[in-house]
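Thanks for making time this morning. I would like to take you through the empty spaces in one model, and then through a short stretch of its surface.

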Amino acid sequence: MSLSVYEKEAIVAMEKRYRATFVNSLSGFKSANLLGTSDTNQQTNLCIVSSAFHLGANPALMGVIIRPDTVPRDTLENIRATGFYTLNHVQKEMIVAAHQTSARYPHDISEFDQVGLTPLWREKFGAPFVQEAAIRLGLVLREEHTMAINGTHLLVGEIIEAHVPDSCVSEDGFVDIEQAGTVALSGLDCYHTASRVGRLSYAKPDCQPEWLD
């Protein structure tokens, strides 16, 4: 396999869309989540994100990166207005619908309606879940940070609801997202199903890890 080295100057010189596709592919496999929000009038919004990541377990925190709000960002504005949002795992049978939520619909048009997914409301929670998703997380915004380097927004949310199939949670708390049917993303538009290699034992300096399954 031949290998090319792309230095900064070569990356900067790439055509805009080519560079976005190229750089987005470099981070490897990413999570595929549908981010559900609503404005204060319960006008729903849904968009696919690949930037959600774990931040801590106590409290249970997740981060997500939202693009700069130099143009209208309904997702960001809704979260700022209500403080609530959901992250819903994408499954294989949802891929086409999930991907279509990246289209730029007007504010008064719900992506739920346009792509055929179902909003699921929970009492006292101000954002819709995706009913079709096997794993659903309800979050409350705790912090927002604007990144000086590129204007993106880091949202820090606390998980206050987690909807997970009983069959996917092991005795030690491990959530088997492969069994749940969760898919992954690479780049901007390539979707992957998961295939387990195996779990390893807790790493310690005085012994080699062992395969648990």
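I will go through the pockets, then the cavity, and then one strand.

A word on conventions: this is a predicted model, in which local features need pLDDT of at least 70 and side-chain atom pairs count only at pLDDT 80 or more, while totals for chains, interfaces and linings use all residues. Residues are numbered from 1 along each chain as its sequence is written, and side-chain values use heavy atoms, with hydrogens and water left out.

On a 1 Å grid over the protein atoms alone, a pocket is an open set of points with protein on both sides within 12 Å along at least five of seven lines, a cavity is a set where a 1.4 Å probe fits but cannot get out, and lining residues have an atom within 4 Å of a point. A volume is the space filled by probe spheres set on the points, which are joined across faces, edges and corners.

The largest pocket holds about 1700 Å³ of space, and among its 38 lining residues R67, R73, S102, R104 and L188 lie nearest the centre. Which element gives the most to this lining? That is α2, with seven residues, where helices (H or I, at least four residues) and strands (E, at least two) are DSSP runs numbered from the N terminus. By class the lining of the largest pocket has 15 nonpolar, 13 polar and ten charged residues, with Ala, Val, Leu, Ile, Met, Phe, Trp, Tyr, Cys and Pro counted as nonpolar, Asp, Glu, Lys and Arg as charged, and the others, Gly among them, as polar.

The second largest pocket has about 290 Å³ of space, and of the 14 residues that line it, I177, E178, A194, S195 and R196 are the closest to its centre. Its lining takes two or more residues from each of α6 (177-180), β11 (183-186) and β12 (190-193).

Turning to enclosed space, there is one cavity of 30 Å³ or more, with a volume of about 40 Å³. Residues lining this largest cavity include Q43, D74, Y105 and H107, and the lining divides into three nonpolar, five polar and two charged residues.

Finally, consider strand β4 (residues 53-57), where F53 sits. F53 counts as partly exposed because its relative accessibility is 32%, whereas G56, also in strand β4, counts as buried at 18%, given that buried means under 20% relative accessible area, exposed over 50%, and partly exposed in between (1.4 Å probe, protein chains only).
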